[in-house]
Amino acid sequence: MTLRIIATGGTFDKHYDELAGKLTFSESQLPDVLKRARLTVPVELEVRSSLIDSLDMVDKDRQEILQSCQNSPEKAIVIIHGTDTMRETAQVLGGASLDKTIVFTGAMIPYEIANSDALFNLGFACGVAQLLAPGVYVAMNGQVFSWDNVQKDRSAGVFVTNS
């Protein structure tokens, strides 16, 4: 089995620009992250040409992610996505009813910042993407949610089932 990982941006891949004093995007950190993760399953990494914050995502971006999943020969796909609109993109893919296992993940703290949850979330998502039945899921902080039963609890900084 080969696993496809699609990087779209989000907090996971942000860099701290100390001159500007803010988080920005430059080159994806995913090649280094994957080396550090030491995955033994073959991985096809697809980094979108422009990494963006999920708050800046529009329908066109979501359709491009869907197209990437449709065109992927891999049956197991992990999508690294910003947490603010992860659910909205998962809905687009869930509604498409692809015969693939698609797992969204991200981070509340950027990979390069101390105490980030990025590496754990990526490893967890890669593991469950190989085990779950076809469908669309969100895997964050050790929990897996169906695309149609998840929401971000902004006050706690975690994902929970819909209330």
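Lys 152 forms a salt bridge with Asp 84, and the closest N and O atoms are 3.0 Å apart. I start there, with the caveat that this is a predicted model. Lys 152 sits in strand 9, residues 151–153, while Asp 84 is in the loop between strand 5 and helix 3 (86–95), so the pair ties together parts that are 68 residues apart in sequence. Both partners are partly exposed: Lys 152 has a relative accessibility of 22%, and Asp 84 has 24%.

How many salt bridges does a search of the whole structure find? Eight. As general background, side chains of opposite charge can pair when their charged atoms come close. I will go through two others.

One of them joins Arg 4 to Glu 46, with 2.9 Å between the closest N and O atoms. This pair also links distant parts of the chain, since Arg 4 belongs to strand 1 and Glu 46 to strand 4 (residues 43–52), 42 residues apart. Is Arg 4 buried or exposed? At 13% relative accessibility, Arg 4 counts as buried, because the cut-off for that class is under 20%.

The other is local. Glu 64 and Lys 60 meet through their side chains in a salt bridge of 2.8 Å, N to O. They are four residues apart in helix 2 (residues 59–71), which means a separation of about one helical turn. Glu 64 is partly exposed at 31%, whereas Lys 60 is exposed at 59%. These two residues are also part of a network of salt bridges that links Arg 48, Lys 60, Asp 61 and Glu 64.

Next, the nonpolar interior. The largest nonpolar core has 23 residues, and the members touching the most other members are Leu 3, Ile 5, Phe 12, Leu 30, Val 78, Val 103 and Leu 122. At least two residues of this core come from each of strand 1 (3–9), helix 1 (30–37), strand 5 (76–80), helix 4 and strand 7 (135–140). Which element gives the largest share? That is helix 4, with six residues.

Take Phe 12 from that list. Setting aside neighbours within four places in sequence, Phe 12 is in contact with Gln 29, Leu 30, Val 33, Ile 80, Gly 106, Ala 107, Pro 110, Tyr 111, Ala 118 and Leu 122. There is also a second, separate core of 20 residues, and its members include Ile 6, Met 86, Ile 102 and Phe 159.

Two buried polar residues are worth a look in the viewer. Ser 28 lies in the loop between strand 3 (22–24) and helix 1, and is buried with a relative accessible area of 17%. The Ser 28 side chain makes a polar contact of 2.7 Å with the side chain of Asp 13. A polar atom of the same Ser 28 side chain lies 3.0 Å from the backbone nitrogen of Leu 30. Beyond its neighbours within four places in sequence, Ser 28 is in contact with Asp 13, Val 47 and Leu 51.

The second is Thr 101, in strand 6, buried at 5% relative accessibility. A polar atom of the Thr 101 side chain lies 3.2 Å from the backbone oxygen of Leu 132. Not counting residues up to four places away in sequence, Thr 101 touches a set of residues that includes Lys 75, Ala 76, Ile 77, Ala 129 and Tyr 137. For a sense of scale, the C-alpha atoms of Thr 101 and Asp 32 are 24 Å apart, with their positions 69 residues apart along the chain.

Now the surface. Tyr 16, Leu 23, Ile 109 and Ile 113 make a nonpolar surface patch of about 310 Å². Of these, Ile 113 lies in the loop between strand 6 (101–105) and helix 4 (118–129), and is partly exposed at 33% relative accessibility.

Asn 115 is found in that loop between strand 6 and helix 4 too, and brings me to backbone geometry. Most residues other than glycine have a negative phi. Asn 115 has a positive phi of about 65 degrees, although it is not a glycine. Asn 115 is exposed at 72%. Asn 141 likewise has a positive phi, near 50 degrees. Its place is in the loop between strand 7 and strand 8 (143–146), and Asn 141 counts as partly exposed at 34%.

Conventions
Residues are numbered from 1 along each chain as its sequence is written. This is a predicted model: local features need pLDDT of at least 70, side-chain atom pairs count only at pLDDT 80 or more; totals for chains, interfaces and linings use all residues. Side-chain values use heavy atoms; hydrogens and water are left out. Patches are made of residues with over 30% relative accessible area and no salt bridge: like charges are joined within 9 Å, nonpolar side chains (Val, Leu, Ile, Met, Phe, Trp, Tyr) within 5 Å. Accessible areas come from the Shrake-Rupley method with a 1.4 Å probe; for residues, only the protein chains shown count as cover. A salt bridge is a side-chain nitrogen of Lys or Arg within 4 Å of a carboxyl oxygen of Asp or Glu. Buried means under 20% relative accessible area, exposed over 50%, partly exposed in between (1.4 Å probe, protein chains only). A nonpolar core is a set of buried Ala, Val, Leu, Ile, Met, Phe, Trp, Tyr and Cys residues joined through side-chain atoms within 4.5 Å. Contact means heavy atoms within 4.5 Å. A polar contact is a pair of N or O atoms within 3.5 Å; within protein, one must be able to donate a hydrogen and the other to accept it, and residues adjacent in sequence count only if both atoms are side-chain atoms.
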